Every structure is written in structure tokens, then in C-alpha cells.
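Thanks for taking a look at this one with me. Below are a few numbered notes to help you find your way around.

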Amino acid sequence: MAIIPSAASLSRPTAQVLIESENGYLPDHDGTAHAERLAATQACRTLGREVLAKATLYSSAEPCAMCAGAIYWAGIGRVVFGLSERRLRGLTGNHPENPTLDLPCREVFASGQRPTEVIGPLLEKEAEALHDGAWTK
């Protein structure tokens with residue numbers, strides 16, 4: 001998961017990565033330590049509002065409701081993701097470490113007062129492959 005300036009795009013591989021993050025669930029079993037939420041927190045601490053409004057958060061999976069809220073409050077202007085939350089829920093099932101919410105990030109953002117552009121799902125089969133074997137008990 002990464003945050004880059006929105007002037008850069010997927011077709012511009014030289015884009016400056018502002019923040020990178022990964023899931024922080026272990027070692028503390030912190031269910032709120034999703035990569036997107038951690039990146040939004042770091043972005044608030046290190047980047048100005050103008051930069052955040054023009055930044056894009058890229059993620060392999062759609063931000064959950066908690067992460068979408070963090071992205072909204074951080075003021076990140078755009079989200080691009082691979083795997084939809086609904087499809088992720090199909091993969092995780094009732095796994096105790098990821099009781100996935102079936103609430104699209106678009107719905108969370110639409111309930112806010114400032115726009116957050118959403119692009120995705122994209123390349124879902126490829127994004128789904130990242131989860132192969134991860135959700136077996």
C-alpha cells in the first residue's frame with residue numbers, strides 16, 4: 001500500500017512514493033492496524049493538507065469502513081484499489097482475524113462532506129492471488 005501525489009499515475013512509474021505501509025496486525029494482534037489506516041495516520045503526521053488532497057492511496061484491496069474513515073479524515077483525495085471488499089469477504093469467510101465488513105468505501109466517502117475519488121476494483125484476479133492460503137485456519 002502506498003500514497004503518491006495524484007499528478008503521478010499508474011502509467012508513470014517514476015512517481016514519488018510519499019508513504020508506504022503494510023498490515024501491522026502482528027505481533028500485538030491489533031485489529032485496527034490495517035495498512036491503509038496506518039498510512040493515513042502517518043500521512044496526517046507528515047504531510048500537509050494540500051499534499052494530501054492531491055495524493056492517491058494505492059491498495060491491493062478496497063479499504064474497509066474503518067480505513068475509509070481514516071482516509072477521509074486524513075483528507076487523501078483519491079483511492080485506487082485492486083480487490084473489492086465484497087470479494088475479500090468471500091475469501092476470508094468467517095476468519096477470526098478478519099471479520100470483513102461488506103461496506104464499500106464509496107458508501108463511506110459518499111456520506112462525507114468532501115469528495116474522495118475512488119477507482120477500483122482493478123485487476124481483481126491478480127489482487128486475489130495475494131491472498132492465496134492466507135485465510136485458512
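1. Let's begin with helix H1, bearing in mind that this is a predicted model. H1 covers residues 35–46, twelve in total. From the first C-alpha to the last, H1 reaches 16 Å, which is close to the 16 Å expected at 1.5 Å a residue.

2. Which residues of H1 are buried? They are Ala35, Glu36, Arg37, Ala39, Ala40 and Ala43. When you look at the spacing of such a list, remember that an α-helix has 3.6 residues a turn, so residues three or four places apart point the same way.

3. Next, the interior. The largest nonpolar core is made of 19 residues, and Ile71, Ile76, Cys105 and Phe109 have the most contacts inside it. At least two residues of this core come from each of H1, H3, strand E4 (78–83) and helix H5 (105–110). H3 gives the largest share, with five residues. As background, nonpolar side chains in soluble globular proteins tend to be buried together.

4. Glu62 deserves a visit of its own. You will find Glu62 in the loop that runs between strand E3 (55–61) and helix H3 (65–74). Glu62 is buried, yet it has no salt bridge. How far away is the nearest side chain of opposite charge? That side chain belongs to Arg106, at 5.2 Å, and a salt bridge would need the charged atoms within 4 Å.

5. Glu62 does have a polar partner to look at: its side chain reaches the backbone nitrogen of Glu85 at 2.8 Å. Leaving aside residues up to four places away in sequence, Glu62 touches Phe81, Leu83, Ser84, Glu85, Pro104, Cys105 and Arg106. One of these, Cys105, also appears among the core residues with the most contacts.

6. Now for some backbone details. Most residues other than glycine have a negative phi, and most peptide bonds are trans. His29, in the loop between strand E2 (19–20) and H1, has a positive phi near 55 degrees.

7. The loop between strand E5 (117–119) and helix H6 (124–129) is worth a closer look, and Pro121 is found there. The peptide bond joining Gly120 and Pro121 is cis, with omega at about 5 degrees. Leu123 is placed in this loop between E5 and H6 too, and its phi is positive, about 50 degrees, although Leu123 is not a glycine.

8. Last one: is Leu123 buried or exposed? Leu123 counts as exposed because its relative accessibility is 62%, and the cut-off for exposed is over 50%.

Note on methods. Residues numbered from 1 in each chain as written. Predicted model: local features only at pLDDT ≥ 70, side-chain atom pairs only at ≥ 80, totals over all residues. Heavy atoms only, no water. Helix = DSSP H or I, 4+ residues; strand = E, 2+ residues; numbered from the N terminus. Buried < 20%, exposed > 50% of the residue type's maximum accessible area, 1.4 Å probe, protein only. Lys, Arg positive; Asp, Glu negative; His and termini not counted. Polar contact = N/O pair within 3.5 Å; in protein donor to acceptor, adjacent residues only side chain to side chain. Contact = heavy atoms within 4.5 Å. Expected span 1.5 Å × (residues − 1). Core = buried A, V, L, I, M, F, W, Y, C linked by side-chain atoms within 4.5 Å.
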